[in-house]
Amino acid sequence: MMKLIALIGVIMAAPACTADNVFGPYLGQTQPGLTPVPFAPGMVNTDAVELNSVFTPDGREFFFTRMVDGPDMQPGYPGKGRLILFHSVLTADGWTEPQPLRLFPGGPHAWAADMSVSPDGRHLYFMGPHPVTEGSTRSDLNIWTSQKIDGVWSAAEPLPEPVNSLSQEVYSSVVADGSLYFTTYPEDNGTGRGGLYRAQALKGGGFAAPEKVAIAGADSVGDTFVAPDESYLVFSASLPNDTNAVGGGDLYVSFKGADGTFGAPINMGPEVNSTDLDFCPVVSPDGKYFFFSRRRSDPANGGWPKVVAGDVFWVSAGVIERLRPE
């Protein structure tokens, strides 16, 4: 296991909510049925662009990303602001007001997105630019990790090879045995890896060389959540031959078959997908709720540089189970 940078007191002071203290699981929100609804309006969803939605296994910490005014999101990746990791904790006084979480050593607020937490709740993984040191010529996206030590999230470090590479490594998903799934986009003239990969967790720490994961009928996938038991995965994509496509990027489910491979993608349909981009899928640690994010750009194909709105939604995980083949 790589040695993490010394603990530096990275969590900003986060006062408990005082006006209307919020208690209970899921930030005290009324739990949804089979129709997606915005998650925690006014606390998570605001007039800003929000995405991601990750709880720790004990349900007492919540992470999400908010776009705030500031410099471009990273060199060579223009946008309307910085993607900042926000954090809320359930205390005796209720859930704390979400605050930015400082994770980069010696740096400002972490430019971070696409979070996931290990099953033991001790390791936080997220996507960030690498490196953040002045004078570097490399600014691609990699997966970073922060370890929880004495109740505090430590300064983060990028995962070493063989996970990170010359390709862009994004959107991690940790399964029950600690192994890591993630998506890559080649950035070295087409010779790098691209697609969904799985890196087996090693008993002594670290990960084995990643192996590409095949999904029948889906050569290109985006953000991917993998169930803890690896029986299914949910991903965002724009599949050219999908006659059931709803928007410019839909959410799909793929179930693992008896042969151990992931089957043909099933569009989650208009009950979940919209004409906007639906992405950032994740299921709550207790398996009860499916969270995802929705992003709107103007024009619709403008991507992050033209983003005008973004919100976090949640719905009963029954929307996944209803699609499971009999």
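Which residues have the most contacts inside the largest nonpolar core? In this predicted model, they are Leu27, Phe39, Tyr232, Met268, Phe290, Phe291 and Ile320, and the core has 36 residues. Several parts of the chain feed into this core: strands S3 (61-68), S4 (82-91), S17 (232-237), S18 (250-255), S20 (277-283), S21 (289-297) and S22 (307-316), together with helix H1 (318-321), each give two or more residues. Apart from this core lies another one, of 28 residues, among them Val54, Met67, Met115 and Trp153.

Let us zoom in on Leu27. Leaving aside residues up to four places away in sequence, Leu27 touches Val22, Phe39, Ala40, Met43, Val44, Phe55, Phe62 and Trp95. Some of these names come back when we turn to the rings. Phe39, Phe55, Phe62 and Trp95 belong to a cluster linked by ring pairs, which also takes in Tyr26, Phe64, Phe86, Tyr289, Phe291 and Trp314.

The structure holds 23 aromatic pairs. One of them joins Phe64 and Phe86, which are stacked with 5.6 Å from centre to centre and 25° between the planes. Phe64 sits in strand S3 and Phe86 in strand S4, so this pair ties together parts that are 22 residues apart in sequence. Are these two rings buried or exposed? Phe64 is buried, at a relative accessible area of 0%, and Phe86 is buried as well, at 7%. Phe86 has a charged neighbour too: Arg66 lies over the face of its ring, at 4.8 Å from the ring centre. A similar arrangement can be found at Phe279, where Arg295 lies over the ring face at 5.8 Å from the centre.

For another ring geometry, look at Tyr125 and Phe207. Their ring centres are 6.4 Å apart and their planes meet at 65°; because edge-to-face applies to planes over 60 degrees apart, this pair is edge-to-face. Tyr125 belongs to strand S8 (residues 123-130), while Phe207 lies in the loop between S14 and S15, so the pair links distant parts of the chain, 82 residues apart. Tyr125 is buried, with a relative accessible area of 5%, and Phe207 counts as buried at 14%.

That loop leads us to a sheet. Four strands form an open sheet in the order S12-S13-S14-S15, with antiparallel pairing. Its edges are strand S12 (168-174) and strand S15 (211-212), each of which pairs on one side only. Strand S14 (residues 195-199) is joined to S15 by two bridges, and Tyr197 has Lys212 in S15 as its bridge partner.

Our last stop is strand S9 (residues 140-149). Why can S9 be described as largely enclosed by the rest of the structure? Eight of its ten residues are buried, and that is why the description fits. Strand S9 has antiparallel partners to follow. Two bridges join S9 to strand S11 (residues 157-158), and here Trp144 stands opposite Pro158. Two bridges also join S9 to strand S10 (residues 152-153), where Lys148 has Trp153 as its bridge partner. S9 and S10 form a hairpin with two residues between them, and in the turn Asp150 has a positive phi of about 55°. Trp153 brings us back to the cores, as it is among the residues of the 28-residue one.

Definitions and conventions
Residues numbered from 1 in each chain as written. Predicted model: local features only at pLDDT ≥ 70, side-chain atom pairs only at ≥ 80, totals over all residues. Heavy atoms only, no water. Pairing = 2+ DSSP bridges. Core = buried A, V, L, I, M, F, W, Y, C linked by side-chain atoms within 4.5 Å. Buried < 20%, exposed > 50% of the residue type's maximum accessible area, 1.4 Å probe, protein only. Contact = heavy atoms within 4.5 Å. Phe/Tyr/Trp six-rings, centres within 6.5 Å; stacked < 30°, edge-to-face > 60°. Lys NZ or Arg CZ within 6 Å of the ring centre and 35° of its normal.
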